[in-house]
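Got your viewer open? Let's take a short walk, one selection at a time.

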Amino acid sequence: MAVTVTAVAAAVVAGILAPATASAGPRPSTVQQRLDALVEKDGVPAALATVKGRDGRTRTYTAGVGDAATGSRVPVDGQVRIGSNTKSFTAVVVLQLVAEGKIGLDASVDTYLPGLVRGAGIDGRHITVRQLLQHTSGLPDYVDHEVILNDPKRYYEPRELLDGALAQKAHFAPGTRWEYSNTNYLLAGLIIQKVTGRPLGEEVTKRVIDRIGLRHTYFPVPGDMRIHEAHPKGYQPAADGSLRDYTELDPSWGWAAGAIVSTNTDVTRFYGALLGGRLLPAAQLAQMRTTVPADGVGPGVRYGLGLLSRPLSCGGLAWGHGGTIPGYNSFGGTTDDGRAVSVTVTTIADDATGEHVDQAVDEALCL
């Protein structure tokens, strides 16, 4: 019998599949209440969160079920695919290479990948590395969501993905607008490989993951479709309302833009280390935090170099990224004074659910 989104939510409400939580205390916290609502009202199979509060303590929360078929509990701080949070990792590596004098932020893409980026209105001689990281290059996206959803276990070479982007027309002249495109980070990954002579995953692992001790984070090697540690399953609703399991997929199509697997706690540690100056010299961190308006993303949202800022209802900014990949959707933010939150739901959220998660993030940071 097919398991439906509404059936899972109804079972949780009825108490048949009790929402699991790792938070302590007799009264549910605001965060726990928000996660429960995402399951009970928005119908997500599961929601997980890690929150670092003003007191410096880190707390984890879960709601829903880790497996919609069996009703098993959600693993506390389980591993998830973090999607476009990967862009922040990739941007850090590029900026480390900038600090080492191996890449110029305002050098052209052609400096490192001569003759590779050509197409209708597309010329790598007129696109800079900064514009790639900032999403102001005008390059069209290579991602075809329907193809990926229909064949999630297919492997893609980066050059094959790039060919898909270059077969389209440029969306605007470099530097004249902002528009999110995974192609920008595909090229950033290729530049990293060209400059270092090493695979992107090895550079991300050495320069970021191992450097700050993210023990539950990894960049999948080619052909690795599993999630290695305890994890909730990831789903997408089918047309008939049933849930299709996308837990195992080939993340090669995400690569430098979206392949990493991590936990909510490791994600908060990463952004905390980044904003705390443990990954970049001050000059490069300042460049990363220099932002432009991210049109259409949300009120007051701005984008730097692989880093997004969002105003908080209590004042100040939350820094981070967020990520979407079939089966998982991540949201979060980190403040300059060390507060942090990362929330993941085990399906790609629709607009209304996304707004509810954003509200949960804001509340958690403003408590």
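Before the first stop, a definition: a pocket here is an open set of grid points where a 1.4 Å probe fits, with protein on both sides within 12 Å along at least five of seven lines. Keep in mind that this is a predicted model.

Start with the largest pocket, which has a volume of about 1400 Å³. Its lining takes in 48 residues, and the closest to the centre are V297, R310, T324, N329 and F331, so select those five to put yourself in the middle. Next, colour the elements that give two or more residues to this lining: α5 (145-150), α9 (255-258), β11 (308-311), β12 (317-320), β13 (323-325), β14 (328-334) and α12 (351-366). Linger on α12, which gives the most, with six residues. Colouring the lining by residue class should give you 22 nonpolar, 18 polar and eight charged.

Now switch to salt bridges; the count is 19. Pick R125 and D123, whose closest N and O atoms are 2.7 Å apart. Is each partner buried or exposed? R125 is exposed at 51% relative accessibility, because the cut-off for exposed is over 50%. D123, at 15%, is buried.

Move on to R177 and E179, paired at 3.7 Å, N to O. Both are partly exposed, R177 at 43% and E179 at 23%.

Last stop: E203 and R198, with an N to O distance of 2.4 Å. E203 is buried, at 1%, whereas R198 is partly exposed at 31%. Widen the selection to E100, K102, R198, E202, E203, K206 and R207, and you have a linked network of salt bridges on screen.

How values were computed. Residues numbered from 1 in each chain as written. Predicted model: local features only at pLDDT ≥ 70, side-chain atom pairs only at ≥ 80, totals over all residues. Heavy atoms only, no water. 1 Å grid on protein atoms, 1.4 Å probe; cavity = no way out; pocket = protein on both sides within 12 Å on 5 of 7 lines; lining within 4 Å. Points joined across faces, edges and corners; volume = space filled by probe spheres on them. Helix = DSSP H or I, 4+ residues; strand = E, 2+ residues; numbered from the N terminus. Nonpolar A, V, L, I, M, F, W, Y, C, P; charged D, E, K, R; others polar. Salt bridge = Lys/Arg side-chain N within 4 Å of Asp/Glu carboxyl O. Buried < 20%, exposed > 50% of the residue type's maximum accessible area, 1.4 Å probe, protein only.
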